[in-house]
Number of protein chains: 2
Amino acid sequence: MVSLREVALRAGVSPSTASIALRGDKRVKTDTRERVIEIAHALGYVPNGSARDLKRKSKQIIGVLLHDLGGPFYSEVLRGIQHRMHDSGFTPIVGCSAPGNHGALTRLLLEQRVDGAIVLDPLVDKEALIRIARRGLPIVVLDREISESGIYSVMANHEQGAYHATQYLLEEGFRSIAFISGPDDSTHSKARLAGFCRALAQTRQRGVCAGIYAGNFTEDSGCEIAYQIMRDQGRHRVDAVFAANDEMALGVMKAFADVGVVIGQEVAVMGFDDILIAQYARPALTTVRQPMYDIGYHAADLICRALVQDRSSLPTEAVVFPMQLVVRESTKKTTFEGGI
Amino acid sequence: MVSLREVALRAGVSPSTASIALRGDKRVKTDTRERVIEIAHALGYVPNGSARDLKRKSKQIIGVLLHDLGGPFYSEVLRGIQHRMHDSGFTPIVGCSAPGNHGALTRLLLEQRVDGAIVLDPLVDKEALIRIARRGLPIVVLDREISESGIYSVMANHEQGAYHATQYLLEEGFRSIAFISGPDDSTHSKARLAGFCRALAQTRQRGVCAGIYAGNFTEDSGCEIAYQIMRDQGRHRVDAVFAANDEMALGVMKAFADVGVVIGQEVAVMGFDDILIAQYARPALTTVRQPMYDIGYHAADLICRALVQDRSSLPTEAVVFPMQLVVRESTKKTTFEGGI
DNA sequence: TAGACTTATCGAATCGTTTCGATAGATTTA
DNA sequence: TAAATCTATCGAAACGATTCGATAAGTCTA
């Protein structure tokens, strides 16, 4: 592998001169500089990243830690990250913190191969992140909150998203709404439930809450609870079911469809997350979406600013983005007909 | 940041002793070794990756270059890669070679931050890859073929996939089949067309080829060509349409549905690729899928072997995986009914 | 107990780049 | 023309870990 030393040797200069010449520094006489650059090019010289990183402070690389690569989620987040970083000289590098893979976190963050990190994986240990931040690496966590100097949070406002979704249901005339929550330890589920309750509390109407059921974010649990709702209240007592995530909402739709209840007309179903399947389900699922692109863009912005500017200008509180209501067929009273 | 020197200092040994002690080397007396390890742990010492990479030959990191992160494709490939690498000590790191982003390729491959690379992006310049391989970095390219020592290809057998799909259509009793190709410069499209032709050539039946139309892989082109097919031949002369990719097949379904032709019953539609939407379309699209997990797993296997074993044991020809026919509703004569 | 081996540790060199202070030589200033 | 100022380049010291060949001890053989 051709090294700077070899380039310098052939150009008849010292490595130090070659080094600054290659950066186009005017301290080197023009013809020397051009000769060095030409020889480097001819030899296909590219500086060794490890050596440079070792010597320099900055690496110009940002680590992005994802749980896996599935879904349009991550792809959108990364688009936002890339757009923000494109002209800033930083390159995002993605590591998968998948099943038991301590590898990427170690290699990228602990072994100091990056200047900063964006972490989108609820399973990455909070204490580990705090320890890393204390070592001086700026971290942006997405969709969770960690209060620690050097760790910045960017997230969607789940409470507000659920609030608006509920308001929409009420405005559309759905009177009696049941809510299916996620597991108890899910802060997202809690926030969504809180938004639902706030919207209901504001309305003057009576009997709008048809019960709060505890699910576990799986399609099966949604399905089971839908049957339970029907048993509990008779199929015409509930106007709408708001599930704390799309998987459960799909389960609910399945259950209703199986007993012949027409979704949209007889009962509305609202999901949360806007997973890809939501738009292909029949009827297409009305749901609430996180602005993933914006979140990625903003996360990248925070990291870049933490590295370039003075960190005191950065927010200490989580940056919260509003969620978007995506209205589809499952909450529309117009008759839904099958087929393409 | 705590360095080896600091650990050594506190343990009262030299950095060299600390270095081997931390690796559990028996050359260091047991109590010294344990003391060093304990101090390193207490100080939160993690070796600096750049320094280690610089000194060592291997980095234990494999670069994975993807075009973007969308779709279940990449996610499946990466699952395969991770499973293969999990116990081998290598960590895959993903770079996006997205729009004009020369960054990831430079940072990972050129600047020698990885031991090997898996490239799944048709747009990464072939010459650039050859140059990198000549510098000694083993590369596995997916879904394309580059003949060069040090570059290994893993791909699906598109010709065979199309052959089987066509055979299936013939077996199901579809007599008159039209084919919609992709753009002329697509080798995939060519291979798929070749498989289609080979299957037709083998059959004794007459008039089975209802024409070959030139599309451009977009849904719109599929739609337009479907109308053209109907104009050309009358809507009952064509039994089936085989599009060289799913997008076009969806366009074809749309066109037929718009004029009231019942897909599956009056005309079968076959796609290629099994993009995610295929299974959610109504009717769900019969298509041909690449075994992405296997491809990823095998790519990782090749890279690991290139780095660990003797390279002469590796295949010089592209490793080709059979494609899988995914039968869904769009080629089934049973009456399709809308609804969930 | 001198010589041969082991054992435990260390010092110095190395990986490839960058950076800082030094040094000639050329040029300007007083 | 001696002193001051540039200009172009170089040498050496980092960065942090690894590695190899010393080097002291301590243990064993004859």
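## A tour of two protein chains and two DNA strands

Start at Ser19(A): one of its polar side-chain atoms lies 2.8 Å from a phosphate oxygen of DNA strand C. That is a polar contact (a pair of N or O atoms within 3.5 Å; within protein, one must be able to donate a hydrogen and the other to accept it, and residues adjacent in sequence count only if both atoms are side-chain atoms).

Before moving on, note that this is a predicted model, in which local features need pLDDT of at least 70, side-chain atom pairs count only at pLDDT 80 or more, and totals for chains, interfaces and linings use all residues. Residues are numbered from 1 along each chain as its sequence is written, chains are lettered from A and ligands numbered from 1 in the order in which they are written, and side-chain values use heavy atoms, with hydrogens and water left out.

**Stop 1: DNA strand C**

Select the residues near strand C (one heavy atom within 4 Å of the strand). There are 23 residues around it, and Leu4(A), Ser19(A), Tyr45(A), Ser14(B) and Thr32(B) come nearest. Of the strand C atoms that come within 4 Å of the protein, 66% belong to sugar and phosphate.

Now look at the bases. Lys55(B) has a side-chain N or O atom 2.9 Å from a base oxygen of strand C. For Ser16(B), the distance from such a side-chain atom to a base oxygen of strand C is 3.2 Å.

Colour by helix (a DSSP run of H or I, at least four residues; strands are E runs of at least two; both are numbered from the N terminus). Helix 4 of chain A gives the most to this surface, with three residues. By type, the surface has seven nonpolar, nine polar and seven charged residues. Here Ala, Val, Leu, Ile, Met, Phe, Trp, Tyr, Cys and Pro count as nonpolar, Asp, Glu, Lys and Arg as charged, and the others, Gly among them, as polar.

**Stop 2: DNA strand D**

Select the 25 residues around strand D; Ser14(A), Thr17(A), Leu4(B), Ser19(B) and Tyr45(B) come nearest. Sugar and phosphate make up 65% of the strand D atoms within 4 Å of the protein.

Zoom in on Tyr45(B). A polar side-chain atom there is 2.8 Å from a phosphate oxygen of strand D. Arg52(B) also places a polar side-chain atom 3.1 Å from a phosphate oxygen of this strand. For a base, go to Ser16(A): a polar side-chain atom lies 3.2 Å from a base oxygen of strand D.

Helix 4 of chain B supplies the largest share of this surface, four residues.

**Stop 3: chain B against chain A**

Stay on Arg52(B). Its salt bridge (a side-chain nitrogen of Lys or Arg within 4 Å of a carboxyl oxygen of Asp or Glu) is with Glu111(A), and the closest N and O atoms are 3.7 Å apart. The two chains share four salt bridges. Eight residue pairs are in polar contact between them, both residues at pLDDT 80 or more.

On the chain B side, helix 4 gives the largest share, six residues. That side holds 24 nonpolar, 16 polar and eight charged residues.

Widen the view to the whole contact (heavy atoms within 4.5 Å). The contact takes 48 residues from chain B and 50 from chain A. Together the chains bury about 4400 Å², 61% of it on carbon and sulfur atoms. Buried area is the accessible area (1.4 Å probe) that two parts lose on being put together, summed over both.

**Last stop: the symmetry**

Superpose chain B on chain A (least squares on the C-alpha atoms of residues with pLDDT of at least 70 in both). The rotation is 180°, with 0.1 Å of shift along its axis and an RMSD of 0.2 Å. The two copies are therefore related as by a two-fold rotation axis. The same surface serves both: 100% of the contact residues of chain B recur in chain A.
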